[in-house]
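Hi,

Here is the structure we talked about passing on. Have a look at it first, and then read my notes below.

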Amino acid sequence: KPFQLEDLARLVVKGSGVLAHEQGLGKTLQAMAFAAAMPRYHGAQDCALFVIPQDLLPQWQREARKFFGRQLEPIATQADARRVAHALKRGGTGWYVTWYEALSLTGRKDEPLPRERVLRPGERRLGGGQGDGEEAPSPLYSDEFCPGCLADGHAGWRRGVCRRCGYVHKRLRVRTIASLLSVAFRRGTVCVDELSQIRGDDSLRSKAVRALRTRHPLGATGPPISNYVNDCFWGLWWALGNASTRFPYDHDGKPGFERDFCVIETLYGSRERGEQRVQKRRKILPEVTNLSVLWRLLSQSIVRRRKEDTGEPLVERTYYPVRVPFGQRQRELHEKWLKDFERFFCQTHPDSPLVAAGVVHLFAAGLGQLPKLEYAATLPGADPDLDWTGIAASNWTRKTLKVLELCLERVAAGDKVLVGSCLIETGRFLAERLRERGVRAVHIVEERQGRAQTKNPRKRAAEVYEFVEGDAEVLCAGVQAVQLGHNLDAASAV
């Protein structure tokens, strides 16, 4: 598409950046095209690593074969990572793919040594180093101070590793795939899909991606900023460079970034017992300051485009609003949760400090009232606390019946149908009812430890593939489970 060529050209000229296209505009294809362009236009080594959500692996492999005739080789184990790193060090080529879980968790072991007493300089194990009449100092322990140099948490001692002297208080430490691949692609290209997944400061996923060094990084995401401006810091830091001219903040520069562009509210509280200073709490608000400076900083490196900005005729959508009223029991259940949620919470969580303070009604929405209302409106029988209400509500609501009728109608017309829900259990219930009527329906729910849970990424990808490429006529899925880049254009009715 012309808009894809235009946006890709900007990124290829710079050799790195962030592709922030809305869903459905072809980020997967453009990321691969970027990797193919780097050897041709920047003289990069013909090797690329794609970091993706695990359940998108079959989709990425299909598109690599379809558009570029290449095979994406998965890196799933430490043995794979060592083999690839050695091959690329000898000048090898190829496109490889891994996923966030493999990158940050596979092979990871971190077993600390037992907590032990730390000796001060001149202190002996027995008797101490005090003279007569001197008060013995309080003991130091290895969970707070470095046994090597006595550094505390402010001076670099953290989780058994000292940044000051290099001492490691670990019994066993095994590196992850991210460590083995840290510099393997430094002369090639690394493309990270769903870049917003690395916004955490200390999450293993974020640290694993940030450890990947490369000359040509590309981050692909939907909206680059979702709620808070500082959420985009680590993605920009990785994609644009550490303390570079395009992003003048180093690895420890997040506080400065927040001061420059976040609206920060400082909350002052009362003095704690024995404290001389008033307690302060720093809170970042979902607002932006210095907007013009932020725009100048980001506009040179982020390619942002929404569907209405493409200038292309996108898929035509026709909406058919279908309204059905509450059933009688369904309405009773809805009113019950609106009126009696506070009493329910007080009975099930009597030790909660919110109960003691008498403020449950102020926090009801965040304490579980909204999910209860979702159950009442969508699938009442799946609510685990339905018995508490004393209302014999059924999953056979008027809305559920209408959804099933519409699915049967569209399948009879030859359409492939996608059914999404905010609840996990909905997809399984609908798919089982459709199968009873002879419809080839698939869902992404399984029973684990007595609870309905979303299938793991590999099984989930298989069900999606059955719908996209196979003969499945209906896919019933939770919205949250398939929001990260699944290509479901096989569906003609939603």
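**What turned up**

Strands β11 (residues 189-193) and β12 (residues 216-221) run parallel and are joined by five bridges. Within that pairing, Val190 stands opposite Pro217 of β12. Bear in mind as you read that this is a predicted model.

Both strands belong to an open sheet of seven strands, paired in parallel and ordered β3-β4-β2-β11-β12-β1-β15. Its edges are β3 (73-74) and β15 (302-305), each of which pairs on one side only.

There is another parallel pairing to look at, between β16 (residues 417-421) and β20 (residues 474-478), again over five bridges. Here Gly420 has Ala477 in β20 as its bridge partner. Strand β16 is mostly covered, with four of its five residues buried. Leu418 sits in β16, and its relative accessibility is 16%, so it counts as buried, the cut-off being under 20%. If you want a long-range distance to check your loading against, the C-alpha atoms of Leu418 and Leu29 are 23 Å apart, with their positions 389 residues apart along the chain.

Next, the helix I would click on: α8 (residues 233-240). How many of its eight residues are buried? Eight of the eight, so the helix is largely enclosed by the rest of the structure. The list runs Phe233, Trp234, Gly235, Leu236, Trp237, Trp238, Ala239 and Leu240. Just past the end of α8, Gly241 has a positive phi of about 110°.

Some of those α8 residues come back in the aromatic part of the story. Phe233, Trp234 and Trp237 are in a cluster linked by ring pairs, together with Phe247, Tyr249, Phe257 and Phe261.

Over the whole structure there are 21 aromatic pairs. Take Trp396 and Phe429: the ring centres are 5.7 Å apart and the planes are at 70°, so this pair is edge-to-face. The two rings come from distant parts of the chain, 33 residues apart, with Trp396 in the loop between α14 (386-389) and α15 (398-412) and Phe429 in helix α16 (residues 424-436). Which of the two is buried and which exposed? Trp396 has 52% relative accessibility and counts as exposed, whereas Phe429, with a relative accessible area of 12%, is buried.

Phe429 has a charged neighbour as well: the charged end of Arg433 sits over its ring, 4.9 Å from the centre. A lysine does something similar elsewhere, with Lys416 over the face of Phe467 at 5.3 Å from the ring centre.

Last, the cavities. The structure has one of 30 Å³ or more, and the largest cavity has a volume of about 60 Å³. What lines it? The residues are Asp55, Leu56, Pro58, Gln59, Arg62, Ala461, Val464, Tyr465 and His486. Helices α3 (57-68) and α17 (457-468) each supply at least two residues of that lining. By type, the lining of the largest cavity splits into five nonpolar, two polar and two charged residues.

That's the lot from my side. Shout if anything is unclear.

Cheers

Note on methods: Residues numbered from 1 in each chain as written. Predicted model: local features only at pLDDT ≥ 70, side-chain atom pairs only at ≥ 80, totals over all residues. Heavy atoms only, no water. Phe/Tyr/Trp six-rings, centres within 6.5 Å; stacked < 30°, edge-to-face > 60°. Buried < 20%, exposed > 50% of the residue type's maximum accessible area, 1.4 Å probe, protein only. Lys NZ or Arg CZ within 6 Å of the ring centre and 35° of its normal. Pairing = 2+ DSSP bridges. 1 Å grid on protein atoms, 1.4 Å probe; cavity = no way out; pocket = protein on both sides within 12 Å on 5 of 7 lines; lining within 4 Å. Points joined across faces, edges and corners; volume = space filled by probe spheres on them. Nonpolar A, V, L, I, M, F, W, Y, C, P; charged D, E, K, R; others polar.
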